[in-house]
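Me: I have a model open and would like to talk through some of its charged residues and strands. Could you take my questions one by one?

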Amino acid sequence: MRSLTLLLLASAVVASAHEFVTPDPKLLQDRVPVSRLGGDHGDGATFKIEIPPDAENFVVKTTGGSGDVDLFIRFGAHPSPTQWDFASESDDTSELIRVGTPTAGVWYVRVVGFSTFRNVRLTASYELPRGVARPPRLTPAPGNYSERVLVRVIRPRGTTVHFTTDGSSPTVNSPSYTRRLTFTATTQLRARTFGRDASFSIETVGDYAVVPKGTIEPLTVGMPVHHLAAVRGTAHEFKLTVPAGASRLMVRMEGGPGNAQLYAKAGAAPTTRVFDRRAVGGGNNATLEILNPAAGDWYLFVHARAGYSGVSLLATARPPGVDLISWGPALDPYLTTESFTAADCEVDEGLITAGTHRLLRFNTQTRNVGSQDLVLGDPAGNPDFEFQACHGHYHFRGFASYQLLDDNDQPVATGRKVSFCLLDGLRWDPKAPATAHYDCETQGIQAGWADVYDAGLPGQWIDVSGVPPGTYTLVITMNPDRLITESDYSNNSASTQVVITAP
């Protein structure tokens, strides 16, 4: 088993225009391949699949493409390279995990790049005893679509499918699926197969958000949007305003399967034939860079050369100074129950009491999208740092705050403003220096780099013991007390919906 330190990425929703669809992680369906996965070292994607009762021979595999990926699966919680139930870590893209008698319920699957990878295919399957209804499959994948989406429901032979679009569970009295469904507005599709013997399957649920054709969606510099999806030949269109004096406009597109093409034009909407600049890169991972861009309105065109989903888009105008943002897809929250003793660092530092607690764990990724490095230097003697003997190094005091909000935006649980050792953990900008510079002895974050904290580390959680079941919003804010001088504080937060289940 090789050792690796990797960035953990997943899909989360940040921009208000895209908050309806929260397939976090993405839906993985029995025998429906997810193609054209790609990314760089440390990039990854998390999927979930529900295994019915009595299922056998649960198989998850990656094939094809180029590079090197690793595969991790876990029942009931998100896996990582350090926390998993089953793993496959070969030296290429051919990974295979087989579980003979899987526990019924939700399993999570994570594909992570050990090196740059392109055009990798992910497939999951399981077997059911004769006579047990297999759930229907949906194609294309749920997401935030432009113009329209035509959804096909694939049913097993000898069964019928009934579906709903009003949020209720399908019954034999619900509409019967006979042809492709066309959605031109935001819709939640629920489908279930029914056998001749009155048996029925578990539900398949897909959330499809659709913006009308011709909609120019707003994009704010420094504020990413996520979960973009499109069928072949359609596109998302965005408008952003570049401030005067910007020396560099960079638009970064990343994540998800498919083939998206990114075009930009000043003052008017581009097309695939009329544009000022086109992004270069492989698959959905591409960067568009314009030096000394004209101030004013710029338009972006994210065109589906082939269908795509799970795409994130971030525009930066390289403001002067430091600019920190919290990268939403890195949150990847999950629930866990853990016990602490007086000897644990979290108890020693006053983060939690000894005993058993229910925790909402998540990752954080802090990107510096400014034009200058965040330089904190030697922490010894700096009053903004504290030496934590349990960890053996200095942490920057109060770098992040965590909140769990209810439907009225009222906090129901909070995390302490945890202290971080700030360093170069991931180069997200391909134009940034290739070598990490800052570490725990000389702290900071280079422009174009990110500091990354894995969900498994101490303090990367909110204690949700006693929080009633329901849907909540997890909000992460970096530099909440503005102890670090930034050019823009409005983009320091990321949020995503989370479901707290009954213990």
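Here are a few questions and answers on this predicted model.

Me: Glad to start with burial: is strand S13 largely enclosed or not, and how many of its residues are buried?
Reply: Happy to look at that one. Strand S13 covers residues 160-164, and a residue counts as buried under 20% relative accessible area. The strand is largely enclosed by the rest of the structure, because the buried residues number 4 of the 5.

Me: Which residue of S15 stands opposite Phe-163?
Reply: S13 pairs with strand S15 (residues 187-194) in the antiparallel sense, over 5 bridges. Within S15, the residue opposite Phe-163 is Ala-191.

Me: How far apart in sequence are the parts tied together by Glu-203 and Arg-190?
Reply: The side chains of Glu-203 and Arg-190 form a salt bridge at 2.6 Å, N to O. Glu-203 sits in the loop between S15 and strand S16 (204-211), whereas Arg-190 belongs to strand S15, so the parts they tie together are separated in sequence by 13 residues.

Me: Arg-31 and Asp-30 also meet in a salt bridge; is Asp-30 buried or exposed?
Reply: The N to O distance in that pair is 3.1 Å. Arg-31 is partly exposed at 40% relative accessibility. Asp-30 has a relative accessibility of 5%, so it counts as buried.

Me: What is the relative accessible area of Arg-232?
Reply: Arg-232 helps form a positive surface patch with Arg-36, Arg-278 and Arg-305. It lies in the loop between strand S18 (225-230) and strand S19 (235-242). Arg-232 is exposed, and its relative accessible area is 67%.

Note on methods:
Residues numbered from 1 in each chain as written. Predicted model: local features only at pLDDT ≥ 70, side-chain atom pairs only at ≥ 80, totals over all residues. Heavy atoms only, no water. Patch = residues over 30% accessible without salt bridge, like charges linked within 9 Å, V, L, I, M, F, W, Y side chains within 5 Å. Areas by Shrake-Rupley, 256 points an atom, 1.4 Å probe, with all protein chains shown as cover. Salt bridge = Lys/Arg side-chain N within 4 Å of Asp/Glu carboxyl O. Lys, Arg positive; Asp, Glu negative; His and termini not counted. Charge placed at Lys NZ, Arg CZ, Asp CG, Glu CD. Helix = DSSP H or I, 4+ residues; strand = E, 2+ residues; numbered from the N terminus. Buried < 20%, exposed > 50% of the residue type's maximum accessible area, 1.4 Å probe, protein only. Pairing = 2+ DSSP bridges.
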